[in-house]
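Reader: Could you take me through a close look at the salt bridges here, and at how they fit into the rest of the chain? I'm at home at the bench, so plain wording with the values alongside would suit me well.

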Amino acid sequence: MGWFMKLIQSIVFQTVVSGVFVFIISQLVFEIVIKPIRKFKATILKVGTILDFYSNVIVNPPLSGQLPEDYMDAKKSLREVAFELEAAYKNIPLNALLARIPEKAITHARKGLIFLSNIVGHPNEKIPVDGEKKKSLSLVASDKTQEVKDYINI
């Protein structure tokens, strides 16, 4: 039993144990806090990239009745990234504090992305918007794209 007490009191042993403890704590912080924040920021960049990449498809309906493949890709990508954004946000502990974006803004951005996904490829008809005069669907899509970017600070 004496050797065990000498081992515990040894400075080398204490240094090794404290080093292992610090390593474990740092890995926990990395996995629980830093990694989800990185994923959230990467998802925000992905939203911006998709909105910019498909901007011509989002605001311009196709000339023919049949939707070309790039319109279908845009619809799918917008819908997928909408739910990725919300999932990445909800995966952050204390998300409103660490992400610096309120949950309401994320919800509005998700709904905006779903809206954009739904109107891609529709004819450029005029629709009433929030009690205003009728706007063309292209203008509504353009406004909604900017609104989504504003919500998530792109």
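Author: Happy to. One term first: a residue counts as buried when its relative accessible area is under 20%, as exposed when it is over 50%, and as partly exposed in between. With 36% relative accessibility, Lys-46 therefore falls in the partly exposed class. Please keep in mind that this is a predicted model.

Lys-46 is a good place to start. Its salt-bridge partner is Glu-84, and the closest N and O atoms of the two are 3.0 Å apart. Why does this pair deserve attention? Lys-46 belongs to helix α2 while Glu-84 belongs to helix α4 (residues 69–90), so the bridge ties together parts of the chain that are 38 residues apart in sequence. Glu-84 is partly exposed as well, at 26% relative accessibility.

Staying in helix α2, you can find a salt bridge between Lys-35 and Glu-31, with 3.5 Å from N to O. Helix α2 covers residues 11–53, and because these two residues are four apart within it, about one helical turn separates them. Lys-35 has a relative accessible area of 42%, which makes it partly exposed, and Glu-31 is also partly exposed, at 41%. The general idea is a familiar one: side chains of opposite charge can pair when their charged atoms come close.

Now move to helix α7, which holds residues 137–151. Here Lys-144 bridges to Glu-147, with 3.3 Å between the closest N and O atoms. These two residues are three apart in the helix, again about one turn. Glu-147 is partly exposed, with a relative accessible area of 31%. Elsewhere, Glu-86, Lys-90 and Arg-110 are joined into one network by salt bridges that share partners. In total, the structure holds seven salt bridges.

While you have helix α7 in view, look at the space beside it. Rolling a probe the size of a water molecule over the atoms shows where empty space is left. Searching the whole structure gives one cavity of 30 Å³ or more, and the largest cavity contains about 50 Å³ of space. Helix α7 gives the most to its lining, three residues, and both α3 (55–59) and α7 supply at least two each. Among the lining residues are Ile-58, Val-59, His-122, Leu-137, Ser-138 and Ala-141. No charged residues appear in this lining, which is made up of seven nonpolar and five polar ones.

To place all of this in the chain, step back to the overall fold. The protein chain has seven helices and two strands, in the order α-α-α-α-α-α-β-β-α along the sequence. Its radius of gyration is 25 Å, well over the 15 Å that the globule rule gives for 154 residues, so the chain is more spread out than a compact globule. The C-alpha trace spans about 85 × 35 × 20 Å along its principal axes, and 32% of the 154 residues count as buried. Of the contacts with a separation of 6 or more, 65% are between residues 24 or more positions apart. The bridge between Glu-84 and Lys-46, with its 38 residues of sequence separation, reaches past that 24-position mark too.

How values were computed:
Residues numbered from 1 in each chain as written. Predicted model: local features only at pLDDT ≥ 70, side-chain atom pairs only at ≥ 80, totals over all residues. Heavy atoms only, no water. Salt bridge = Lys/Arg side-chain N within 4 Å of Asp/Glu carboxyl O. Buried < 20%, exposed > 50% of the residue type's maximum accessible area, 1.4 Å probe, protein only. 1 Å grid on protein atoms, 1.4 Å probe; cavity = no way out; pocket = protein on both sides within 12 Å on 5 of 7 lines; lining within 4 Å. Points joined across faces, edges and corners; volume = space filled by probe spheres on them. Nonpolar A, V, L, I, M, F, W, Y, C, P; charged D, E, K, R; others polar. Rg over C-alpha atoms; globule rule 2.2 N^0.38 Å. Contact = heavy atoms within 4.5 Å.
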